[in-house]
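Biologist: I have a structure to go through and I'm new to this. Can you put it up and walk me through it?

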Amino acid sequence: MEIPHYTLNDGHELPAIGFGTAGLRGDDAVTAVTSALENGYRLIDTAVNYQNETEVGEAIRRSGVPREEIAVCSKIPGRHHGYDDAIRSTRESLERLGLDHLDLHLIHWPNPGRDRYHEAWRALVDLQKEGLVRSVGVSNFTHDHLRRVIDETGVTPAVNQIELHPYFPQPEMQQVDDDLGVITESWSPLGKRQAPFTEPPVAEAAERHGVTSGQVLLRWHLQQGNLPIPKSATPSRQRENLDVFGFELTDDEVAAISGLARVDGRLFGGDPDTHEEM
Ligand SMILES: NC(=O)c1ccc[n+]([C@@H]2O[C@H](COP(=O)([O-])OP(=O)(O)OC[C@H]3O[C@@H](n4cnc5c(N)ncnc54)[C@H](OP(=O)(O)O)[C@@H]3O)[C@@H](O)[C@H]2O)c1
């Protein structure tokens, strides 16, 4: 299956859909990522905090898919934000993955309490110059965070990976990213624990187009120019989630799904420092 690509602001390309790996560990991670690659995914999203970089590397080797066909993305955790820490963190990620470069490397979250994300960004810019990281980006950044790293280095992140699903559609942040030329990657694109599969605008569109609710949700991301990274340990769902390029939602359908936004729509809550993503 041919997956369309987005061109990033640094000239490199990424598949329009990727594979999320949060929560996949050990043998389950190797099995799921190997199957995802066999099913056609060519962008794999991991992170130091997912504790599965070793398994992602193993799956890449096991899949037999040529390394140069796969975009591997990892993330620097909030506790590794000094310049030297971020360099060390990246080298350790490469060692665990068994790779000589990352295709995309992100700052996992700005960790504003520590306020050193701009140092991690300088490290990423230098790592890119060195060739250890092909494209550099961020995650969970607001307009202010983006502005600061751009102003300090002159380098604009290629990607901002943010929480995005119909209960939390973040139109303002999408606009900020668009205005700056940053691709918005959608994390928890299916809404995960609160998956809006049975909401009428989603279920009715699925019926009209003869597809599943999951496919409607992923189309909703793609038609806004965003890059969703659904996770599934289930091979049939992995295939289903990639098979989203043969139909198109109408503008009204997209708007009706965006209308599911809720004030309490965020998946995150509580203390970010205790969350595995942070
Ligand atoms: N940057 C950040 O701070 C951040 C935060 C959260 C997530 N992420 C990234 O985003 C990725 C995706 O987010 P996520 O894992 O939270 O949630 P998600 O991809 O929105 O949802 C995953 C859940 O949906 C189920 N699922 C997948 N496809 C389905 C389908 N077609 N129909 C029904 N159920 C389906 C999966 O079940 P099965 O596995 O059982 O099939 C799993 O329980 C993560 O894996 C991670 O890579 C990043």
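Modeller: What follows covers the sheet, then the ligand, then two loop residues. This is a predicted model, in which local features need pLDDT of at least 70 and side-chain atom pairs count only at pLDDT 80 or more, while totals for chains, interfaces and linings use all residues. Residues are numbered from 1 along each chain as its sequence is written, and side-chain values use heavy atoms, with hydrogens and water left out.

Biologist: Fine. What order do the strands of the open sheet have?

Modeller: The order is S3-S4-S5-S6-S7-S8-S9-S10, an open sheet of 8 strands with parallel pairing. Strands (E, at least two residues) and helices (H or I, at least four) are DSSP runs, numbered from the N terminus. Two strands pair if DSSP finds at least two bridges between them.

Biologist: And which are the edge strands?

Modeller: S3 (19–20) and S10 (227–228), each of which pairs on one side only.

Biologist: Let's take S8. Is that strand mostly covered or uncovered?

Modeller: Covered: S8 spans residues 159–163, and 5 of its 5 residues are buried. Buried means under 20% relative accessible area, exposed means over 50%, and partly exposed is in between (1.4 Å probe, protein chains only).

Biologist: How many bridges join S8 to S9?

Modeller: There are 5, and S8 runs parallel to S9, residues 183–187. In that pairing Asn-160 stands opposite Thr-184. The chain gets from S8 to S9 through helix H6 (residues 171–180), in a right-handed β-α-β crossover. Right-handed here means that, with the strands pointing away from the viewer, the path from the first strand over the helix to the second runs clockwise.

Biologist: What about S7 and S8, how many bridges there?

Modeller: S7 (residues 133–139) is joined to S8 by 2 bridges, again parallel. Ser-139 has Gln-161 in S8 as its bridge partner. With helix H5 (residues 143–153), S7 and S8 form a right-handed β-α-β unit.

Biologist: Changing topic. How many residues surround the ligand?

Modeller: The count is 27, and the closest are Asp-45, Ser-188, Ser-232, Ala-233 and Thr-234. A residue counts if one of its heavy atoms lies within 4 Å of the ligand.

Biologist: What is that shell made of, by class?

Modeller: It has 9 nonpolar, 11 polar and 7 charged residues. Ala, Val, Leu, Ile, Met, Phe, Trp, Tyr, Cys and Pro count as nonpolar, Asp, Glu, Lys and Arg as charged, and the others, Gly among them, as polar. Helix H9 (residues 235–242) gives the largest share, 3 residues.

Biologist: Which side chains have a polar atom beside a ligand oxygen?

Modeller: Asn-140 has one at 2.9 Å from a ligand oxygen, and Arg-237 has one at 2.8 Å from a ligand oxygen. From the backbone, a polar atom of Pro-189 is 3.2 Å from an oxygen of the ligand. The protein covers 88% of the 910 Å² of accessible area that the ligand has on its own; such areas come from the Shrake-Rupley method with a 1.4 Å probe.

Biologist: Last topic, the loops. Where is Ser-188?

Modeller: Ser-188 is in the loop between S9 and helix H7 (200–209). Its phi is positive, about 50°, although it is not a glycine.

Biologist: Why point that out?

Modeller: Because most residues other than glycine have a negative phi.

Biologist: Is Ser-188 buried or exposed?

Modeller: Ser-188 is buried, with a relative accessible area of 17%. Gln-170, in the loop between S8 and H6, also has a positive phi, near 45°. At 18% relative accessibility, Gln-170 counts as buried.

Note on methods:
Polar contact = N/O pair within 3.5 Å; in protein donor to acceptor, adjacent residues only side chain to side chain.
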